[in-house]
Amino acid sequence: MQTSSKLVVVGSVAVDWIITPTAERPESVGGAAVFFSMAAAPFVPVSLVGVIGKDFPSAAIADLEQAGVDLAGLERTDGLTFRWKGRYHENMNQRDTLETHLNCFEHFSPKLPEHYQTAEYLFLANIVPSLQLEVLDQMRTRPRLVGLDTMNLWIDIARDDLRKVLARVDVLLINREEAMQLSAEQNLVNAARAIRAMGPKTLVIKQGEYGALCFGPSDDAVFSAPALPLDEVADPTGAGDSFAGGFMGMLAKTGDLSPEGVRKAIIWGSTMASFCVQGFSYDRLRGLAREDIEARYRRFVELSRF
Ligand code: AMP
């Protein structure tokens, strides 16, 4: 029997078409589960749940395997892989979705291999909330920590299912606009209070180039983490998922879920996100040396030490 997975992630595995003000990449491997896995893999072994079609590049499978990602839960179909096309604005902070093709995702029903079902850490990356629920239901033991990501689309069209998932998770990572939309509040502190009452005791608000804010786990705890000022951002796609990967990866590695441990994990998450945006796809995350990751973590520590 295989040993139990440590950290399981379920989410999209994609072929993206990325357009930035200065470059374009029509076949850029992406998907939340891919970015998450590549960012968490330097910390702990990651087990991925997702689906691909026959057009998914074999080189990307090799990269994931090389990084030590367990692909037993990656279903391979005869159809086409999920495809997403996005264009970034001049400031690289905003983007428009130009196309979304669900393809093999449309009829995907995740099946967790047996050794996944007792993982201590679970991340439900951005996919339709009903699938996130299916994964939660297949866990034979309640993980020590369940993290969740979602997006405006699901807040709009699948709010009931999303509320069911929210009631069962420990940490929610979303962006500022999504937090406002989910809570129907205009003030961030009030939004955080309302969302934490829905289930997750810890709420991480991702603010792109402005860093991240963490509310919880105790009622009055707030922590602000900076983002590293970078002189060149190649492609912000996957920054949030890479943040989640570094964050969950470090929590799984140390097992330290204290407020202090969560704060440190937020900085490790910021560290992995900062690498992600420096290249297209997961180019910059691939083959990162431990020393490079640690050196950048120290730059983050210096950034706001006084
Ligand atoms: P992020 O930049 O963190 O929002 O993540 C970008 C990734 O999300 C891209 O690689 C896309 O393939 C993926 N993505 C975009 N739209 C969706 C969707 N509706 N469901 C799941 N994944 C998506």
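User: What makes the approach of Asp16 to the ligand a polar contact?

Analyst: A polar side-chain atom of Asp16 lies 2.5 Å from an oxygen atom of the ligand. A polar contact is a pair of N or O atoms within 3.5 Å; within protein, one atom must be able to donate a hydrogen and the other to accept it, and residues adjacent in sequence count only if both atoms are side-chain atoms. The Asp16 pair therefore qualifies. This is a predicted model, in which local features need pLDDT of at least 70 and side-chain atom pairs count only at pLDDT 80 or more, while totals for chains, interfaces and linings use all residues. Residues are numbered from 1 along each chain as its sequence is written, and side-chain values use heavy atoms, with hydrogens and water left out.

User: Which atoms of Gly31 and Asp241 lie by an oxygen atom of the ligand?

Analyst: For Gly31 a backbone N or O atom lies 2.7 Å from a ligand oxygen. For Asp241 a polar side-chain atom lies 2.8 Å from a ligand oxygen.

User: How much of the ligand does the protein cover?

Analyst: The protein covers 88% of the 510 Å² of accessible area that the ligand has on its own (Shrake-Rupley method, 1.4 Å probe; for residues, only the protein chains shown count as cover).

User: Why are E6 and E7 called paired?

Analyst: Two strands pair if DSSP finds at least two bridges between them. E6 and E7 have 6 bridges, in the antiparallel sense, so they are paired. Strands (E, at least two residues) are DSSP runs, numbered from the N terminus, as are helices (H or I, at least four). Lys85 stands opposite Glu99 in E7.
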